[in-house]
Amino acid sequence: MPDLKVSKISNGTVIDHIPPGRGLDVIKILRMERGFDNTLSLLMNVESSRLEKKDIVKAEDKELTKEEVDSVSVIAPSATINIIEDYGVVEKKRLRLPDKVEGVVDCPNPHCVTNTGEPVEALFEVVNQNPVELKCSYCERKFKALELEI
Ligand SMILES: [Zn+2]
């Protein structure tokens, strides 16, 4: 049976199984809240069998780059990415958190060199996968992904 919830857009990307309440962060981390001109929808607290509730993001005519897929995996490692063509799912991708995360989220430490106006991009080492925990490669502080400001 086709999953109507994920196949309603004609072409683009559906990010499914996002933990409830994190859908907006997914949109922000993909920088789609501004400057994305195609249809973008966010479904929150959808009933799901796998999680109790989930968020879903649907972006028409959008293909995620590898960097974008990696950034989604930082805040929603349980999500799945569905590539939609002609109303059908042509590919499903499970996310895999990379060992290092660069330029995706800022270091929450205000004294970190990455926050002092230096031309240094935030870089984190992934120290734990579940729950996602990151260590800043500059100030060496550790943060849970849920504490990060997106
Ligand atoms: Zn830092």
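User: How many salt bridges does the rule find across the interface of domain 1 and domain 2?
Analyst: The model is a predicted one. Its domain assignment gives domain 1 as residues 4–94 and domain 2 as residues 100–147. Residue pairs in polar contact between domain 1 and domain 2, with both at pLDDT 80 or more, number zero. For salt bridges across this interface, the count is likewise zero.

User: What area do domain 1 and domain 2 bury between them?
Analyst: The size of an interface is often expressed as the accessible area lost when the parts come together. Here the centres of the two domains, taken over C-alpha atoms, are 24 Å apart. Seven residues of domain 1 and eight residues of domain 2 take part in the contact. Carbon and sulfur atoms account for 69% of the buried area, which is about 570 Å².

User: Which three residues supply 66% of the area that domain 1 buries against domain 2?
Analyst: By class, the side of domain 1 that touches domain 2 has three nonpolar, two polar and two charged residues. No other three residues supply more of the area that domain 1 buries there than Arg22, Ile29 and Val74.

User: Which element gives the largest share of the side of domain 1 that touches domain 2?
Analyst: The largest share amounts to three residues. The element that provides them spans residues 66–75 and is helix 3.

User: How many of the ten residues of helix 3 are buried?
Analyst: The buried residues are Glu68, Val69, Asp70, Ser71, Val72, Ser73, Val74 and Ile75. Their cover includes strand 1 (12–18), helix 2 (23–29), strand 4, strand 6 and strand 8 (132–136). Helix 3 is therefore mostly covered, since buried means under 20% relative accessible area, and the number of buried residues is eight.

User: Which residue forms a salt bridge with Lys66, and is that partner buried or exposed?
Analyst: Lys66 pairs with Asp70, their closest N and O atoms being 3.0 Å apart. The two are separated by about one helical turn, because they stand four residues apart in helix 3. Lys66 counts as exposed because its relative accessibility is 60%. Its partner has a relative accessible area of 17%, so Asp70 is buried.

User: How far apart are the closest N and O atoms of Glu68 and Lys62?
Analyst: A search of the whole structure finds five salt bridges, and Glu68 and Lys62 form one. Both of these residues are buried. The distance between their closest N and O atoms is 3.0 Å.

User: Is Arg34 buried or exposed?
Analyst: The side chain of Arg34 meets that of Glu33 in a salt bridge, at 4.0 Å from N to O. Glu33 has a relative accessible area of 42%, so Glu33 is partly exposed. Arg34 has a relative accessibility of 66%, and therefore counts as exposed.

User: Which residues does Val104 contact, leaving aside its neighbours within four places in sequence?
Analyst: Val104 belongs to the loop between strand 6 (100–102) and strand 7 (123–129). Its C-alpha lies 7.4 Å from that of Ala122, although the two are 18 residues apart in sequence. The contacts of Val104 are Ile29, Arg31 and Ser71.

User: With which side chain does the side chain of Asn82 make a polar contact?
Analyst: Asn82 is part of strand 4, which covers residues 80–85. Its relative accessible area is 0%, so Asn82 is buried. At 2.9 Å, its side chain makes a polar contact with that of Lys92.

User: Which two residues does Ser48 touch, not counting residues up to four places away in sequence?
Analyst: Ser48 sits in the loop between strand 2 (40–47) and strand 3 (53–60). It counts as buried because its relative accessibility is 15%. The residues touched by Ser48 are His17 and Lys54.

User: Which residues does a cis peptide bond join?
Analyst: Most peptide bonds are trans. In this model, one bond has an omega of about -5 degrees and is cis. Pro131, in the loop between strand 7 and strand 8, takes part in this bond, and the residues joined are Asn130 and Pro131.

User: What is the phi of Asp61?
Analyst: Most residues other than glycine have a negative phi. Asp61 lies in the loop between strand 3 and helix 3, and its relative accessibility of 51% is why it counts as exposed. Although Asp61 is not a glycine, its phi is positive, at about 50 degrees.

Technical notes:
Residues numbered from 1 in each chain as written. Predicted model: local features only at pLDDT ≥ 70, side-chain atom pairs only at ≥ 80, totals over all residues. Heavy atoms only, no water. Domains from an automatic or database assignment. Contact = heavy atoms within 4.5 Å. Buried area = accessible area lost by both parts, 1.4 Å probe. Polar contact = N/O pair within 3.5 Å; in protein donor to acceptor, adjacent residues only side chain to side chain. Nonpolar A, V, L, I, M, F, W, Y, C, P; charged D, E, K, R; others polar. Buried < 20%, exposed > 50% of the residue type's maximum accessible area, 1.4 Å probe, protein only.
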